[in-house]
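This report covers one protein chain, from a single residue out to the whole. The sequence and structure come first.

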Amino acid sequence: MAPCHGYHVQSSSKVGAKLKAFGFGGGGGASVVMYKDPAKEQLLVCPSCEMATELPLGGVNRLPPHFVMARKIEDIVSACGNPPPNVLCELCTNEVAATSACSTRSLKLCNFCKEAHQRQRSTSTHVVRTVGELLLGRSRTHRSSDPALASAESRPIKCPMHPEHQLKLFCTTCHQVICPECTVFIHRDHKHTSAAKAAKVYSRFVKSAIEQTRPLEDYAMQSVGRLNDMSIRINSKCEAVQRDVEAFMDDYAAALEEHRRALLRQIADVRQAKTEMLMAQKGDLGKGEFN
C-alpha cells in the first residue's frame with residue numbers, strides 16, 4: 001500500500017458522494033497505483049493525488065500492507081466459513097487453522113480438536129462457536145463476559161515477513177509497523193518505539209491534520225459548487241446562442257429558397273415572352289412568302 005492509499009480508501013466514498021451531489025461524478029473505492037517509469041520500476045504514482053512513492057528493496061511486495069483492509073477481508077472470509085490464516089489452533093503442535101473457539105476455556109480449535117473437545121466428558125458441555133461468529137461479534141450477549149470473544153476481536157497481527165512474530169513495534173525511520181525480528185535485519189539501526197505509543201502519537205497528528213484540512217475541504221466543495229453553477233450558465237448561454245444561430249440559418253435558407261423560386265419564375269416568364277415573340281416573327285415571315 002502506498003502511503004496515501006489508506007486515506008483514499010477512507011475518504012473516497014465521502015468526498016465522492018459530495019462531488020456526485022455537485023454533478024461531478026466522484027467514484028468511490030481505492031485507486032490503483034501504477035508505475036511512473038516501467039523500465040526502472042523505482043517509483044509508484046498514485047492516480048488520485050499524483051503522489052510518488054519510492055519502492056523499497058523487493059518491489060511492490062515490500063510495501064506496508066493495509067492492515068485495516070486486511071482485517072476486514074479476514075472477517076468477511078471468516079463469516080463465510082473460512083477462518084483467517086493467522087487464527088491457529090491452540091491445541092495442535094502444527095500450525096493448523098482454527099475454525100471454532102471454546103468460550104469456556106478461551107481456546108481456538110481446529111475441526112479435529114473441536115470434535116474431540118465435544119466428545120470428551122469434561123468438556124462436552126462447553127460452548128463452542130465458529131471463529132467467524134467471534135470475529136464479527138454476532139453473539140452480543142456474551143460480548144462483555146466472553147474471554148474468547150475479546151481475544152478474537154483483539155487478535156494479534158502477524159508480521160508478513162516473519163509470520164511467527166507479532167507486529168508490536170513501529171519504525172520511526174521508515175514509518176512502518178514491524179516485529180522484533182525486523183529490527184535485527186531489515187530495520188537494523190533504525191529508531192523504533194512501541195506500536196501502541198506510536199498509535200497514540202500519530203492519531204493526534206492525524207486528528208490535527210483533519211481539523212486543519214476541514215476548512216480546505218469546505219472551500220473546495222464551495223469552489224466545486226461555483227464551478228458547477230458556472231458550467232450550467234455557460235451551457236445555458238451556449239444553447240441559447242445555438243438556437244439563435246439555427247433559427248437565423250433556417251430563416252436565411254428559407255429566404256434563399258424563396259429568392260431562387262422568384263428567379264426561376266422570372267426566367268420562365270422571359271423564356272415564354274421570347275418564345276412568343278420568335279413565333280410571331282416566324283408567322284409574319286411565312287405570310288410574306290405567300291404574298
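## M249 and its surroundings

In this predicted model, M249 has a relative accessible area of 44% and is therefore partly exposed, since that class lies between the limits of 20% for buried and 50% for exposed. The residue is found in helix α6, which covers residues 195-290.

M249 is also one of the residues of a nonpolar patch on the surface. The other members are V241, V245, F248, Y252 and L256, and the patch has about 590 Å² of accessible area together. Patch membership requires over 30% relative accessible area, and the 44% of M249 fits that condition.

## The three-stranded sheet

Strands β8, β7 and β9 form an open sheet in the order β8-β7-β9, with antiparallel pairing. At the edges are β8 (176-178) and β9 (192-194), each of which pairs on one side only. From one strand to the next, the twist averages 35°.

Strand β7 (residues 169-171) is joined to β9 by three bridges, and the two run antiparallel. Within this pairing, L169 stands opposite S194 in β9. In general, strands of a sheet pair through backbone hydrogen bonds, in either a parallel or an antiparallel manner.

## The chain as a whole

The protein chain contains six helices and nine strands. It has 291 residues, of which 23% count as buried. Its accessible surface comes to about 20600 Å², and carbon and sulfur atoms account for 58% of that area.

Among contacts with a separation of 6 or more, 35% are between residues 24 or more positions apart.

Conventions:
Residues are numbered from 1 along each chain as its sequence is written. This is a predicted model: local features need pLDDT of at least 70, side-chain atom pairs count only at pLDDT 80 or more; totals for chains, interfaces and linings use all residues. Side-chain values use heavy atoms; hydrogens and water are left out. Helices (H or I, at least four residues) and strands (E, at least two) are DSSP runs, numbered from the N terminus. Buried means under 20% relative accessible area, exposed over 50%, partly exposed in between (1.4 Å probe, protein chains only). Contact means heavy atoms within 4.5 Å. Accessible areas come from the Shrake-Rupley method with a 1.4 Å probe; for residues, only the protein chains shown count as cover. Patches are made of residues with over 30% relative accessible area and no salt bridge: like charges are joined within 9 Å, nonpolar side chains (Val, Leu, Ile, Met, Phe, Trp, Tyr) within 5 Å. A salt bridge is a side-chain nitrogen of Lys or Arg within 4 Å of a carboxyl oxygen of Asp or Glu. Two strands pair if DSSP finds at least two bridges between them. Axes are lines fitted to C-alpha atoms, for helices over the stretch in contact, and angles run from 0 to 180 degrees between N-to-C directions.
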